[in-house]
Amino acid sequence: MEIPFLDLKRQFEEHKNEINSVVLEVLASGWYILGKECEKFELNFKNYLVGKDEGYVVGVNSGTDALRLSLIAAGVEVNSEVITVANTAIPTISAICSVGAKPVFCEVDEKTWLMDTNKLEELITEKTRAIIPVHLYGFCADMDIINEIAQKNDLKVIEDVAQATGAVYGSRKAGTIGDYGAFSFYPSKNLGACGDGGAIFVHNREQYDKLIKLRNYGQSSKYITEIENGINSRLDEIQAAILNSRIKYIDGWNLSKAKLAQRYINKFKSLKVPVQFQISYDEVIPQYHLFVIKLLKGDRDNLMRILEKQGVQTLIHYPVPLYDQNAFKKYKKCKLEVTENLTKNILSLPLNPYMTEIEVDYIVNIIAKSLNT
Ligand SMILES: *Cc1c(COP(=O)(O)O)cnc(C)c1O
């Protein structure tokens with residue numbers, strides 16, 4: 001059986017006619033940047049996140065830029081410090097570095113694999129300006145405590161919600177709980193475009209006005225600017241149109257993935273396979289971006305090869321703590337034991353809305369045979 005890690009072609013095929021027609025409409029309109037599709041998506045996405053009566057969404061070019069512009073808008077200046085985790089995608093850190101700030105790495109919790117709030121306060125210094133919790137794999141970090149610590153220390157909270165569009169924490173969607181929510185519509189994410197895209201959620205008009213300028217050369221209107229560090233980071237009309245047509249499917253996709261993830265978990269448990277799963281906080285409804293297991297015994301890289309030989313493609317998110325990347329080594333203060341243990345033993349298994357239960361069972365059976373001996 002051949003099971004690719006992800007099958008974006010299949011996702012396109014499902015709503016092919018619809019996508020083709022909205023893309024052609026944009027092409028025929030002759031208006032490609034900052035037009036009605038982007039405006040419509042900003043409203044659609046805001047309504048999806050919080051409903052009609054609150055908040056603002058700004059469409060930008062990518063999740064990386066969503067983080068970067070949030071940092072700039074939050075006033076994170078050169079040489080200040082931003083606390084985040086080391087088991088995340090590279091852009092979480094490169095966004096921090098792109099504004100001249102320094103990443104400070106917080107340990108993660110053994111069960112949730114998310115920012116360990118017991119280790120957070122001790123990292124705060126006079127230079128700290130912001131905290132970036134990462135909602136890894138679609139599971140929400142412990143936002144109530146993070147917000148509380150941030151408020152006490154006068155810090156901004158920027159949620160990296162690139163992997164968790166649709167996840168719920170308490171009564172709110174992820175990305176609407178901190179000061180800024182940075183979303184990605186990279187094709188593989190829960191809500192994916194057919195190219196790059198991102199968005200920022202904010203709570204008040206002042207933040208919104210600033211971000212609207214920052215994403216468009218700093219302009220308040222054509223050829224008028226009061227902001228010196230504006231960039232070019234806009235959600236283009238074609239991507240916005242695709243996202244407008246896809247947003248109605250996201251809950252269905254997330255639900256299918258949740259069912260398949262539960263199938264994985266039940267099957268692993270019934271076969272008593274020595275693997276561990278990510279645990280969510282009680283108040284969280286996760287939206288699986290990835291399905292990740294942690295091996296409690298056996299050799300991870302060997303298991304990957306065995307799966308590969310039998311047609312199953314797997315990946316590792318992420319193979320080294322980011323402070324061990326050449327680019328970020330200078331920010332390493334100490335080893336983070338839980339983080340390192342994860343990087344050595346985790347494995348991401350195929351998960352997409354179109355997988356079948358037969359495929360899930362096939363994968364679990366291979367892993368059981370390899371680890372249960
Ligand atoms: C994908 C991702 C990003 C960056 O998003 P892009 O749209 O690719 O720039 C940032 N943080 C995390 C955790 C991600 O998974």
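This report describes the ligand site, the largest pocket and the enclosed cavities of a predicted model.

**Ligand site**

The ligand is surrounded by 15 residues, and the closest of them are Gly63, Thr64, Asp160, Ser184 and Lys189. By residue class, the shell around the ligand holds five nonpolar, eight polar and two charged residues. Two helices, H4 (63-73) and H5 (90-98), each contribute at least two residues to this shell.

Side chains of Thr64, Asp160 and Gln163 make polar contacts with the ligand. For Thr64, a polar side-chain atom is 2.5 Å from an oxygen atom of the ligand. For Gln163, a polar side-chain atom likewise lies 2.9 Å from an oxygen atom of the ligand. Asp160 faces a nitrogen atom of the ligand, with an N or O atom of the Asp160 side chain at 2.8 Å from that nitrogen. The ligand taken alone exposes 380 Å², of which the protein buries 90%.

**Largest pocket**

Where does the ligand sit? The ligand occupies the largest pocket. The space in this pocket is about 670 Å³. Its lining comprises 37 residues, and those closest to the pocket centre are Tyr186, Pro187, Ser188, Lys189 and His289. Lys189 thus appears both in this group and among the residues closest to the ligand.

Helix H1 (8-14), H4, H5 and helix H9 (250-270) are the elements that give two or more residues to the pocket lining. H4 provides the largest share, three residues. The lining of the largest pocket divides into 18 nonpolar, 14 polar and five charged residues.

**Cavities**

The model has three cavities of 30 Å³ or more. The volumes of the two largest are listed here beside that of the largest pocket.

| Space | Volume | Lining by class |
|---|---|---|
| Largest pocket | about 670 Å³ | 18 nonpolar, 14 polar, five charged |
| Largest cavity | about 50 Å³ | eight nonpolar, one polar, no charged |
| Second largest cavity | about 40 Å³ | four nonpolar, one polar, three charged |

The lining of the largest cavity consists of Tyr137, Phe139, Ile265, Phe277, Gln278, Tyr288, Leu290, Phe291 and Val292. Eight of these residues are nonpolar and none is charged.

The second largest cavity is lined by Ile3, Pro4, Asp7 and Arg10, together with Asn352, Tyr354, Met355 and Glu359. Its lining includes three charged residues alongside four nonpolar and one polar.

Key
Residues numbered from 1 in each chain as written. Predicted model: local features only at pLDDT ≥ 70, side-chain atom pairs only at ≥ 80, totals over all residues. Heavy atoms only, no water. Near = heavy atom within 4 Å. Polar contact = N/O pair within 3.5 Å; in protein donor to acceptor, adjacent residues only side chain to side chain. Areas by Shrake-Rupley, 256 points an atom, 1.4 Å probe, with all protein chains shown as cover. 1 Å grid on protein atoms, 1.4 Å probe; cavity = no way out; pocket = protein on both sides within 12 Å on 5 of 7 lines; lining within 4 Å. Sits in = over half its atoms within 2 Å of the grid points. Helix = DSSP H or I, 4+ residues; strand = E, 2+ residues; numbered from the N terminus. Nonpolar A, V, L, I, M, F, W, Y, C, P; charged D, E, K, R; others polar. Points joined across faces, edges and corners; volume = space filled by probe spheres on them.
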